[in-house]
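Work through the exercises below with the sequence and the model side by side, and try each task before reading its solution.

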Amino acid sequence: MANLVSPCCGGEYTDNDDGPSYCCGSEIKQGLCTECKEHAEPEEGFICDTCEDFFEEAMEDYEYAEKQHDSYLEDRMDAERDER
Ligand SMILES: [Zn+2]
Ligand SMILES: [Zn+2]
């Protein structure tokens with residue numbers, strides 16, 4: 001079975017259960033946004049454990065590996081072009 005990883009770093013991540021509020025991106029205390037004092041839900045998504053970036057959908061680890069490989073090939077092609 002494939003592993004799900006964060007799309008930014010290909011690492012571990014956690015649910016945004018106690019993350020920032022949907023309305024203001026502020027802290028939520030007892031279901032209330034600390035910024036606007038309205039009822040707030042945490043933004044639906046996940047937080048990368050490595051860089052703490054917010055993202056909505058995790059990626060399969062093999063997709064991440066492919067993405068890394070593609071950008072590696074592109075970098076190499078760019079470098080070769082520069083040498084000419
Ligand atoms: Zn990350
Ligand atoms: Zn708010």
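## Exercise 1: A zinc site and its donors

With a relative accessible area of 32%, cysteine 36 is partly exposed, because this value falls between the limits of 20% and 50%. The model is a predicted one, and the values below are computed from it.

**Task.** Identify which protein donors surround the zinc ion (ligand 2), and state why their arrangement is tetrahedral.

**Solution.**
Step 1. The protein donors of the zinc ion (ligand 2) are the SG atoms of Cys23, Cys24, Cys33 and Cys36, which lie 2.3 to 2.4 Å from the ion.
Step 2. The four donor atoms subtend angles of 105 to 114 degrees around this ion, and the arrangement is therefore tetrahedral, since the criterion asks that all angles lie between 85 and 135 degrees. For comparison, the ideal angle for four tetrahedral donors is 109.5 degrees.
Step 3. Along the sequence, the donor residues of ligand 2 follow the spacing C-C-x8-C-x2-C. Cysteine 23 and cysteine 36 link distant parts of the chain, being 13 residues apart: cysteine 23 belongs to the loop between strand S2 (13-15) and strand S3 (28-29), and cysteine 36 to the loop between strand S4 (32-33) and strand S5 (46-48).
Step 4. Cysteine 23 has a relative accessibility of 44% and so counts as partly exposed, whereas cysteine 33, at 1%, is buried.

## Exercise 2: The other zinc ion

**Task.** Determine how the donor residues of the zinc ion (ligand 1) are spaced in sequence, and which geometry the angles around this ion give.

**Solution.**
Step 1. Ligand 1 has as protein donors the SG atoms of Cys8, Cys9, Cys48 and Cys51, lying 2.3 Å from the ion.
Step 2. Written as a pattern, the spacing of these donor residues is C-C-x38-C-x2-C.
Step 3. The angles subtended by the four donor atoms run from 106 to 116 degrees, which makes the arrangement around ligand 1 tetrahedral.
Step 4. As for accessibility, cysteine 48 is buried at 1%, while cysteine 8 is partly exposed at 35% and cysteine 51 is partly exposed at 34%.
Step 5. A check for disulfides across the structure returns zero.

## Exercise 3: Strands and rings

**Task.** Work out in which order the strands of the open sheet are arranged, and which residues the ring pairs link into a cluster.

**Solution.**
Step 1. The open sheet has three strands in the order S2-S5-S6, with antiparallel pairing. Its edge strands are S2 and S6, each of which pairs on one side only.
Step 2. S2 and S5 run antiparallel and are joined by three bridges; tyrosine 13 has cysteine 48 in S5 as its bridge partner, and this cysteine is also a donor of the zinc ion (ligand 1).
Step 3. Three aromatic pairs are found in a search of the whole structure. In one of them, tyrosine 13 and phenylalanine 46 are edge-to-face, with 5.2 Å from centre to centre and 70 degrees between the planes. This pair links distant parts of the chain, with tyrosine 13 in strand S2 and phenylalanine 46 in strand S5, 33 residues apart.
Step 4. Phenylalanine 46 is partly exposed at 22% relative accessibility. The rings of phenylalanine 46 and phenylalanine 55 have centres 5.8 Å apart and planes at 35 degrees, so this pair is tilted.
Step 5. Taken together, ring pairs link Tyr13, Phe46 and Phe55 into a cluster. Within this cluster, phenylalanine 55 is buried at 7% relative accessibility, whereas tyrosine 13 is partly exposed at 23%.

## Exercise 4: Two loop residues

**Task.** Decide for threonine 50 and for serine 21 whether the residue is buried or exposed, and list what each touches beyond its neighbours up to four places away in sequence.

**Solution.**
Step 1. Threonine 50 lies in the loop between S5 and strand S6 (54-55), and at 56% relative accessibility this residue counts as exposed, because the limit is over 50%.
Step 2. Beyond those sequence neighbours, threonine 50 touches Cys9, Gly11 and Glu12. The C-alpha atoms of threonine 50 and cysteine 9 are 6.9 Å apart in space, although the residues are 41 apart in sequence.
Step 3. Serine 21 lies in the loop between S2 and S3, and with a relative accessible area of 0% this residue is buried.
Step 4. With the same sequence neighbours left out, serine 21 touches Ser26, Ile28, Cys33, Ala40, Glu41 and Glu43; of these, Cys33 is also a donor of the zinc ion (ligand 2).

How values were computed:
Residues numbered from 1 in each chain as written. Chains lettered and ligands numbered in written order. Predicted model: local features only at pLDDT ≥ 70, side-chain atom pairs only at ≥ 80, totals over all residues. Heavy atoms only, no water. Donors = N, O, S within 2.8 Å, 3.2 Å for Na, K, Ca; no water. Tetrahedral: all angles 85-135°; square planar, octahedral: opposite > 155°, others 65-115°. Buried < 20%, exposed > 50% of the residue type's maximum accessible area, 1.4 Å probe, protein only. Helix = DSSP H or I, 4+ residues; strand = E, 2+ residues; numbered from the N terminus. Contact = heavy atoms within 4.5 Å. Pairing = 2+ DSSP bridges. Phe/Tyr/Trp six-rings, centres within 6.5 Å; stacked < 30°, edge-to-face > 60°. Disulfide = S-S within 2.5 Å.
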